[in-house]
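Work through the exercises below with the structure in view. Try each task before reading its solution.

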Amino acid sequence: MTGFDLDEMLIVVDFGTDAAAYPVPDLQRIGVINDVVAGVEIAVVSDPANPQQWSVLSRRLDTEVVQLEVRNGLLVDIRTGSVWDPVRGLGRKGPLADEILDSLPGFTVFPGDFATFFPEGRVWQP
């Protein structure tokens, strides 16, 4: 266990040619952030059951891209109504049940460190 307060951190997604950071308090408040980093459709997700746990998932399934939201404490695809596991990216029920959203790398940093190490990166804003 670290002594860091997650509420002061950014979650960083870095694909080499593009980096974006997501403030943890914003993520915990809204539950999921749909974005595109270096042309990759991603979702940064806070687990509704445990807001201290988060994941970065690909939103692309073959030729379609899901658009996720938190609805009644569940991670749901807006178009199909499919329900997803917010940590593992597994479709739980609905038309996309048993599909898997790939996990993508992400890590936390302090805001000042992001600006230092990713001067061309962007910080997501609601």
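Three exercises with solutions follow.

This is a predicted model, in which local features need pLDDT of at least 70, side-chain atom pairs count only at pLDDT 80 or more, and totals for chains, interfaces and linings use all residues. Residues are numbered from 1 along each chain as its sequence is written, and side-chain values use heavy atoms, with hydrogens and water left out.

**Exercise 1.** Find the parts in which Asp35 and Arg122 lie, and state what their salt bridge ties together.

Step 1. A salt bridge is a side-chain nitrogen of Lys or Arg within 4 Å of a carboxyl oxygen of Asp or Glu. For Asp35 and Arg122, the closest N and O atoms are 2.9 Å apart.

Step 2. Asp35 is in strand 3 and Arg122 in strand 13 (residues 122-123), so the pair ties together parts 87 residues apart in sequence. Strands (E, at least two residues) are DSSP runs, numbered from the N terminus.

**Exercise 2.** Classify Asp35 and Arg122 as buried, partly exposed or exposed.

Step 1. Buried means under 20% relative accessible area, exposed over 50%, and partly exposed in between (1.4 Å probe, protein chains only).

Step 2. Asp35 has 14% relative accessibility, so Asp35 counts as buried. Arg122 has 30%, so Arg122 counts as partly exposed.

**Exercise 3.** Do the same for Glu64 and Arg79, which form a salt bridge.

Step 1. Their closest N and O atoms are 2.0 Å apart.

Step 2. Glu64, at 28% relative accessibility, counts as partly exposed. Arg79, at 58%, counts as exposed.

How values were computed: Helices (H or I, at least four residues) and strands (E, at least two) are DSSP runs, numbered from the N terminus.
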